[in-house]
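The following exercises are to be worked through with the sequence and the three-dimensional structure at hand. Each task is followed by a solution in steps.

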Amino acid sequence: MVQQTQDIQALVQQFQTDGYVILRNVLSAEKVELLNTAVDRLLSEEEESLSYNWYHSVARDKAFLSLIDEPTVTMLMANILGYNIQLHISHLTVRKPNPNDQKTESSSFIDWHQDGPNPHFPSHAGLTSLFYVKACYILSDMSQPNRGNTKIIPGSHNKPGYRPTQENVNVPLDGELQVCGKPGDVFIFGQNLWHAGAPNRSEYTRRQLFMGYSPLWMRPIDYHKASDELLEGANPIQRQLLGDISSNCFKYYLPEPSMVPLKQMLQDGTTGRVHINKK
């Protein structure tokens, strides 16, 4: 396995234009196996279902927690959102084959939407600003469509007043794209990109782990304050990403340089290029 080098500013430009980026072979086969072992454990503890959702996934297994500062993803996030960022959400989804589109309690598929609170994030001139960005770690073979893939409308975040002509994910939309990838690939997209979770009509089980990042001044979804268990043994960058920077809440708005080590990494110019494993 060799490494492929990509210009991070080109990736940022692609993200700003299209609303998403796909990074290939970010995780090694060994890392994917470790993560899937953790998924298997969670499944063994649940009742049989077609669909599973686990929020605050980083607290459920150290394997998931280890992804919060994955170098390639973290550096791209810091270049998109700035250095003052934190982990916003960690959400593991499993979708078993469901050819009949059976509705399940934990949502086997999700219609077209932008992510955000209720009421929605504010918009200006018909555009919703970027408030957080998700990295979707693909843990199963999603290399073909109709395996419960995420659907997107590329560039829809840049179209003033855009709304899908209908919200039903089963009805094709002009310009829609099913995101395909293999285990170890990562799909990055903004919360303001129109997207949907398609039904799984294949013989494959979908496994995807979403890790979202937002500015430190936003309230994260996973917790009010990171637990001692999450912080145990954390390095400075991990502590920043877990929101453990100060007991003074004002510092979330105006942090001191020592509180946000990602700032120094950006200033050092260590994020100009990213290295991705290539088979």
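**Exercise 1.** Determine how the span of helix 2 compares with the span expected at 1.5 Å a residue, and establish which of its residues are buried and where they lie.

*Solution.* Step 1. Helix 2 covers residues 29-44, which is 16 residues; helices (H or I, at least four residues) and strands (E, at least two) are DSSP runs, numbered from the N terminus. From first to last C-alpha, helix 2 reaches 22 Å, close to the expected 22 Å, where the expected span is 1.5 Å times one less than the number of residues.

Step 2. The model is predicted: local features need pLDDT of at least 70, side-chain atom pairs count only at pLDDT 80 or more, and totals for chains, interfaces and linings use all residues. Residues are numbered from 1 along each chain as its sequence is written, and side-chain values use heavy atoms, with hydrogens and water left out.

Step 3. The buried residues of helix 2 are V32, L35, N36, A38, V39, L42 and L43. Buried means under 20% relative accessible area, exposed over 50%, and partly exposed in between (1.4 Å probe, protein chains only). Seen down the axis, the buried residues fall within an arc of 155°, so they line one face of helix 2; the arc is taken from the directions from the helix axis to the C-beta atoms.

Step 4. E30, E33 and S44, on the other side of helix 2, are exposed. The buried residues pack against strand 3 (51-55), helix 3 (62-65), strand 4 and strand 13, contact meaning heavy atoms within 4.5 Å.

**Exercise 2.** Identify the salt bridge partners of R41 and K96, and locate each pair in the chain.

*Solution.* Step 1. A salt bridge requires a side-chain nitrogen of Lys or Arg within 4 Å of a carboxyl oxygen of Asp or Glu. By this rule the count comes to 12 salt bridges.

Step 2. R41 pairs with D61, with the closest N and O atoms 3.4 Å apart. This pair links distant parts of the chain, since R41 is in helix 2 and D61 is in the loop between strand 3 and helix 3, 20 residues apart. R41, E45 and D61 are linked in a network of salt bridges.

Step 3. K96 meets E48 in a salt bridge (2.5 Å, N to O). K96 lies in the loop between strand 4 and strand 5 and E48 in the loop between helix 2 and strand 3, so the pair ties together parts that are 48 residues apart in sequence. E48 is exposed, with a relative accessible area of 69%.

**Exercise 3.** Is H88 buried or exposed, and which residues does H88 touch?

*Solution.* Step 1. H88 is in strand 4 (residues 85-95). Its relative accessibility is 3%, so H88 counts as buried.

Step 2. Leaving aside residues up to four places away in sequence, H88 touches Y132, G212, Y213, S214, M218, R219, P220, I221 and D222.

**Exercise 4.** Locate the cis peptide bond at P119, and compare the surroundings of N25 and A125, for which phi has a positive value.

*Solution.* Step 1. The peptide bond from N118 to P119 is cis, with omega near 5°. P119 is in the loop between strand 5 (110-113) and strand 6 (123-124).

Step 2. Phi of N25 is near 55°, and phi of A125 is near 55°. N25 is in the loop between strand 2 (20-23) and helix 2, whereas A125 is in the loop between strand 6 and strand 7 (127-128).

Step 3. N25 counts as buried at 17% relative accessibility, whereas A125 counts as exposed at 61%.
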